[in-house]
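Trainee: Could we go through this model together, one question at a time?
Mentor: Happy to; let's put it on the screen.

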Amino acid sequence: MAELREPIYLEEKLKEIQGTGRLSYRSKSLPTWCPGCGYFSMTEGVTSALNQLGLAHKDVVIVSGIGCASRFPFFMDTYGFHTLHGRTLPVATGIKLANDKLTVIVVGGDGDGFAIGGGHIPHAARRNVDITYLLFDNGVYGLTKGQVSPTSVMGFKTKTSPYENRDAPLKPLMMLLSYGASWVGQAYAGQPHQLTDLIVQAIAHRGFSYLHILSPCVTFDKTSMTYQNLNLAVRDLPANHDPSDMIAAMTQAMDVTTPALGVLYREERPTLNDTMDEITRAAGGKPSTERAAVA
Amino acid sequence: MSDTDIQIAICGSAGDGTIAAGSILNQAMARAGYKVIAFDVYPAEIRGFGECIACSRITSAQVFSLKGQSDVLVSLNDGHAIAHVPEVRDYGAVIYDDAPISTLKEGQHISAHIKPAQLPYGLPMRELSERATSAAKSRNMVALGYLAGLYGMPRKAFHETITGKFKGKAAAIAEGNVQAFDAGYAEGEAAFRLDFIELGPAPETSSDAVMMNGNTAIVEGCMEAGLETFFGYPITPATTILEMLAARLPKQGGRVLQTEDEIAAIGAAIGAGYTGARAATATSGPGLALMTEMLGLGVMAEVPVVIFVSQRGGPSTGMPTKTEQSDLNLAVFGGSGDAKRIVLAPTNVEGCYRCAGRAFELAEQYQTPVIVLLDLYLSNRLESVSGLGKTRFAPNLSKGLDAWAPNEAYQRFAITDDWVSPRAIPGEPGGIHTVTGLEHNQLGRPKDTPEIHQLMTEKRHQKVAPAIRHADLSTYKRFGDEGEVDVGLIAWGSTFGEALEAMLQARSEGIRCAAMKVVMLSPLPVDAIRSFCADCREVLVPELNYQGQFANLLTGATGCEVHRFNRVTGRPMQVEDILGEIRRLAKVIKTERRFVAA
Amino acid sequence: MAAPAHHVIIGNGVAGNHAAWVLRARAPDDRITIITIGALLFYDRYQLPQVFRGKHDWRAYLVHPPSYYEQNRIAVRRKCRVTHVDAERRVLTLAHREEVKYDTLLIASGGGGYLPANLIEYRPLFHSFNTFRAAMATARALPEEGTVIMLGGDILGIDVAYNLVDTGHRVLLVPHEQSFWPHKVDPSERPQLFEALSGAGIEVVDEAPVERIEAGENGAPARRVVLADGRELTGDVIMPFYGLAPALEFIARSGVDIERGLLVNPELKSTDAHIWAAGDVCQIWSADENAYRFYYGWKNVKAMGELAARNMTGSEQPFQTFIDETLTVDRAGRLHSSFWDYD
């Protein structure tokens, strides 16, 4: 039997939220996601994170691809670039490389990232581009109304897999670990506080941060990756998990039946912009890590 | 009057130092004050003994192409050079090694193939090289020296060039090469000359001219324009742009990244352009094909970016080491939808420099992608260029946030009277906005109503229309006879060089002739082209593609009828071929006139 | 149908070229190659004295333009020196180590200027006149109204001497027993011939052996000839004309019989079945004289070349000369040699 919890009073909650200031990061546009979509938690998480980190609106660029995440930049009061399907990471790399002072956050889904975009992920990760990649895994193509995706589970029936999906799904966490990402974490839209906390950590990390967010598609997946199923399946990482231990991280990443939530792996190493400065010095030039914004 | 016009082809096998000899010849003569145009042919294979040709045309007056026939052929390897003997004109010279080390069957020595009207000059290249440097390796220097001595080329300029080339290596190496050169020079000087090739005095006593090819000129333009970020993916013939910038751009604090593919390259360049940085990429036809989706994004999001495209034989993988002009359609129209962008096509090496720099200005000014379209021939053609640094490019032509009224909510895509919106860049307060590939309203919010799409499409097209009237860049130019002419040529890219020479020759034969180069292909200077066509009885459009892509563009935009002259040989257009066509048209006109008069 | 034969001709003079033209007419499909150490196509050597009249463009001396050789498919391998002829394998080797196979070979390499033994060391100080290059070098070394010291004075030299005088130069002729070669002149006739020369302005010095030759420097005359009796002659250029000697080093090891020239039968065939000879290089068996003998002069040489070509392609005709080998003095007092006649 579900526990009865304290009633939450809307007005008080609203005041509380307004008090934090995180709503200022929201634009006037209303989101177009389906009610119950994990992107709402994500929005909450990102606004909280930006607020907690005290980042100026003008210094944040949110880059989205094509998918349900596309519209995210429009809902935020920051600079944004809604790019092409699968091409968020190159654009984000270009933005960060051209202006070190910007905080670049990339949002996209599993199709955008691992189907068409799969070829770009290894390079953003191995170069340690100092951006944050929030990857929403709902195991389906939502915007185009329900096709199978690279992370769909076996047996999943969709419009393009009417005889059940027979392709083994990718294991994104293992891939990102092997690509050399310097921060790899996993979160769940059904646990919004933890999600927010992990988003803060991901953005704060200096280097390429990959946060894999399990986020059910309430409209097109009623059987497989649902809140019901995931609520039972997810677990936190063991308390003694050492995020600097790659083997331990891989071991946790391999477990897709009971996904582990938290920071799987973390290391500090020079970012792409750092190496660019090193190259500039090696060439005898002066690093222009300052790029003055037009007054 | 002694007008110099000597074209020398040095032909050898990979490893013979053919290209190096050509390079020294070019630089020395440029240094001595002559005008030089050169083109090298490399073997297609990486290893092996493929054929190399270094071809140089040395003149006192400015010319615009290489001649169909050379005046001199220097053979460093008869096996390869024999096939090129027919390319030497009558009463031209063939220089070869007359003391090979192994027995040859009949016909294996080049002397068997020298035509009755050609003059043979043999010297013991290998022997002289071994005497000078105890190795046969400097045969190329011996041959070069012989050539120089034969025609009285300025020895000092060669010594300086050779020494400069080996600066940083052991002194003995430079000395050995100079000695080998001198040994050849002495032989050449003493040789009894039977050809009628004369080297006249240089137009200038000496010069700071440097030999540069199109790709290098592009890089110079980028450096001068303050390029900040460059992203590229290796592809022939654009790879050297990436390589040169990788070495040079960091010296002035810029950043170069070799991406995982062309899509990433253009994506990153657009990302960088979005932040207000000057950004570019370089590729060839196949890469541009991959980039077209991103191009559309750049157009739709009104982000400045520059793409250098060096065309090669197509379609598909095509002919990576051969030249062609068949990507015009792709450059001007490639990508989904009405994606209007600016396309520039320089016609010579200096033009590459100017178009490169201006491209950044145009991209910023009109907030749109700019493609600079050249071809393999122009990328690799060397020309003596001087005074590059005199052209300055504006550091920032962006209409910025300061043009926006401060108390109004910022609209990134506001409609203004010149259709260009004030542009905020990330990091600027008061300019927050999101750009998107979706159709959008003035705020930049996705919107697909009929009125919005009509309005925004018009904006994206109209804003670039004034580009044809650039104050500092010739988007088109007319040469030759003024007023009404019988035959008018319209050409673009490197083919314009051959067209110009053909026109000048036609005029000297009494044909009323003019030529127009079109440098801006999009937007197209329609009025100028129309009025040029009105002056011409017949219009001839030579280009290196089969479908007549430029002719189609012209006729589509102006309605003018043109004669097409299409070649897809993988080689540059020949002046003789264009001239033949001009003569043919002139004859037709003459006949018509006589008929009408009668 | 036999495969096309390869006819190779060594020598690019009157004999070799006339042979080539006849060969082409008689064997339209055969290959014809002329091999020569010279750099030029066939030119009219008799015109070479024109260099003293300023005619310095070699193209004006050509007998046929280059297109002629292209159209008639006659390959002219210039600057190629034959170093060996392997008569057994029918392969000849060029100096640059190229081997050329032939079916028939015509030696028409002519002769070079003969120098008496005691003058060989002075070769670098002489100017010859047997090629365009030599003629040009002579013209360049000879100033206007300059002086030529001519040694010997064979019939080629006499022709040059006349041209030199006609163009305003001075000629000092040092006689020798080779004077008027190849004409056989009775000693009693020599004085009147020298007188005829003097009459034309050629200064004939008293005959004496040459002791030594010197080059002058720093303002001194360019050349000095010291005769055995102590007389000194000074001039700008020294030109030896002691007759011709056939050039035959390359054929030496081939096995064909050689005396002073290459020995051939009246059909111009050598002792090898595939090798013929024509022109100044060969000695033809004369039954009348019971000896091998040379024939000189353009008309003879042309006839030999054409005959050799015919015999190389199936004929078997003997050589016949129609030249009267006399040296005469015409009414104007000028010498006339039948060897100077040409069409």
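Mentor: The model is predicted, and our questions below cover a helix, a helix pair and a domain contact.

Trainee: How many residues of helix H6 of chain C are buried?
Mentor: Helix H6 of chain C runs over residues 298-312 and has 15 residues. Among its buried residues are Trp298(C), Val301(C), Met304(C) and Leu307(C). H6(C) is mostly covered, and the number of its residues that are buried is 11.

Trainee: Which elements do those buried residues of H6(C) pack against?
Mentor: The partners belong to chain C as well. They are strand E1 (6-10), helix H1 (14-26), strand E7 (104-107) and strand E18 (275-277).

Trainee: Is H16(B) roughly parallel or roughly perpendicular to H17(B)?
Mentor: Start with the axes of H16 (residues 526-535) and H17 (residues 549-558) of chain B: they come within 10 Å and cross at roughly 95 degrees. Angles of 65 to 115 degrees count as roughly perpendicular. That crossing angle therefore makes the pair roughly perpendicular.

Trainee: What is the make-up, by class, of the contact of H16(B) with H17(B)?
Mentor: H16(B) brings Val526(B), Ile529(B), Arg530(B) and Cys533(B), while H17(B) brings Leu554(B), Ala557(B) and Thr558(B). By class, that gives 5 nonpolar, 1 polar and 1 charged residues.

Trainee: Which classes make up the side of domain 1 of chain C that touches domain 2 of chain C?
Mentor: Domain 1 of chain C covers 6-110 + 247-312, and domain 2 covers 116-242. Their contact takes 13 residues from domain 1 and 11 residues from domain 2. On the domain 1 side, the classes are 10 nonpolar, 2 polar and 1 charged residues.

Technical notes
Residues are numbered from 1 along each chain as its sequence is written. Chains are lettered from A and ligands numbered from 1 in the order in which they are written. This is a predicted model: local features need pLDDT of at least 70, side-chain atom pairs count only at pLDDT 80 or more; totals for chains, interfaces and linings use all residues. Helices (H or I, at least four residues) and strands (E, at least two) are DSSP runs, numbered from the N terminus. The expected span of a helix is 1.5 Å times one less than its number of residues. A residue is buried if 20 or more other C-beta atoms lie within 10 Å of its own, exposed if 12 or fewer, and partly exposed in between; C-beta atoms are placed from the backbone. Two residues are in contact if their C-beta atoms, placed from the backbone, lie within 7 Å. Axes are lines fitted to C-alpha atoms, for helices over the stretch in contact, and angles run from 0 to 180 degrees between N-to-C directions. Angles under 35 degrees count as roughly parallel, over 145 as roughly antiparallel, 65 to 115 as roughly perpendicular and the rest as oblique. Ala, Val, Leu, Ile, Met, Phe, Trp, Tyr, Cys and Pro count as nonpolar, Asp, Glu, Lys and Arg as charged, and the others, Gly among them, as polar. Domain bounds come from an automatic or database domain assignment.
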